[in-house]
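Before the points below are read, please have the model open beside this note. The remarks follow the loop residues, the helices, the cores and the confidence values in turn.

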Amino acid sequence: MPILTHMSSKSLLAILLLILASSIALAAQTQPQAREPEQVAPEPSPAQIAQKSRQNHAKESQIPLYTNDNLPHGPAGISIIGPGSGPESNSGAAEEPEAASARDVPHLRYQLSQAQQRLGMAQREMNVFEQKLSQSKMQYYPDPNKSLFQEYSRQDINKLTSDMNQKRQEIAEAQKEISNLEDQIQEAQRAAGFTGTAAQKPESALPPGVKPGTKAYWDALLAEAQQRVSTAQEEEQLAENELQLLKLQQLRTLDPNLHASLAARISAKQTEIAAAKQAVEQAKQELEKLQKEMQASQASGK
């Protein structure tokens, strides 16, 4: 009996110790962990604050910061009224083209004459293209077995069509240029008080204000002479194309009256071609003469 009592006391003690250990462990798990004390950053010094402010200002924008010490002065300075308030800030108006004056009229008439000449040439060339295209469509055979009998191919037709489209654009541009030049001439005459025939002045290839003997003077004269050569050559080529069409039309007609009419037109066109060839040679001679005059003037220093 004493042995049983002793054994029961030990068991009871062990049980109590086990319960106590479990309670301690449970309390340790449920107790919130202690937070580490936060480290408080030291406050920046006044010197560090000033340095950081300067760095931020440099990064914000590239717009200069004006003070009383660096504020611009004079006509080019800052205006509190805004840009464009003074007479010096008139750059926008300077970019706009000036209105034509009375002294511009002779040169404007020259430009108008050149534009009208280009328009007439383009319209004649357009007529040639239309006739060639009409003939090509009549003589085009899609059958490859008949290719030996045709004078035109699909490639020729496509090229003629492309040439006609380009010529239409050239005609439209020339018409627009003529209209603008006519408006400028009328405006210049109106501003100068010219009316009727009193406004007529001889045209001149020289722009207004160009002095004789200067580089601009010789450049303008050379450009005019080169343009005369080019125009004469174009007129000669165009007349030959028109002659070719007339001969082809005469070859295919069976009407004797129409045949005789075409013969007369062919003779007149051949005379025109001869005159065009002569005009080309004369324009070339005038260009060579002008070039020699320019060289002599430059050599003499005038």
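1. P208 is a useful place to start, and P208 lies in the loop that joins α5 and α6; helices here are DSSP runs of H or I with at least four residues, strands are runs of E with at least two, and both are numbered from the N terminus. This is a predicted model, in which local features need pLDDT of at least 70 and side-chain atom pairs count only at pLDDT 80 or more, while totals for chains, interfaces and linings use all residues. Residues are numbered from 1 along each chain as its sequence is written, and side-chain values use heavy atoms, with hydrogens and water left out.

2. Which residues does P208 touch, once those up to four places away in sequence are set aside? They are R103, D104 and H107, where contact means heavy atoms within 4.5 Å. P208 and L108 are 100 residues apart in sequence, yet their C-alpha atoms are 9.7 Å apart in space. With a relative accessible area of 30%, P208 is partly exposed; buried means under 20%, exposed over 50%, and partly exposed in between, with a 1.4 Å probe and protein chains only.

3. G213 sits in the loop between α5 (154–192) and α6 (215–252), and G213 too is partly exposed, its relative accessible area being 27%. From G213 to M294 the C-alpha distance is 8.3 Å, across 81 residues of sequence.

4. M294 is listed among the buried residues of α7, including also L262, I266, K269 and L290. Helix α7 (residues 256–300) holds 45 residues and spans 66 Å from its first C-alpha to its last, close to the expected 66 Å, a figure obtained as 1.5 Å times one less than the number of residues. At the N-terminal end of α7, D255 acts as the cap, with a side-chain oxygen 3.1 Å from the backbone nitrogen of N257. After α7 comes G301, with a positive phi near 80°.

5. The largest nonpolar core has 16 residues, of which L112, L119, L133, M164, I171, I178 and L181 touch the most other members; such a core is a set of buried Ala, Val, Leu, Ile, Met, Phe, Trp, Tyr and Cys residues joined through side-chain atoms within 4.5 Å. Two or more residues of this core come from each of α4 (105–139) and α5. Leaving out residues up to four places away in sequence, M164 touches M126, F129, E130 and L133. A separate core of ten residues lies apart from this one, with W218, L221, V229 and L290 among its members.

6. For the chain as a whole, the secondary structure amounts to seven helices and zero strands. Of the 302 residues, 24% are buried, and among contacts with a separation of 6 or more, 74% join residues 24 or more positions apart. The accessible surface, computed by the Shrake-Rupley method with a 1.4 Å probe, is about 22900 Å², with 55% belonging to carbon and sulfur atoms.

7. Confidence deserves a careful reading, with pLDDT being the predictor's confidence in each residue, from 0 to 100. The chain averages 74, and 59% of the residues score at least 70; the mean is lowest in helix α3 (residues 91–95), at 41, and highest in α7, at 93. Over residues 1–6 the pLDDT is below 50, and beyond near neighbours in sequence this stretch has zero contacts in the model. Residues 60–68 also have pLDDT below 50, and that stretch has five contacts beyond near neighbours in sequence.

Terms used: Polar contact = N/O pair within 3.5 Å; in protein donor to acceptor, adjacent residues only side chain to side chain.
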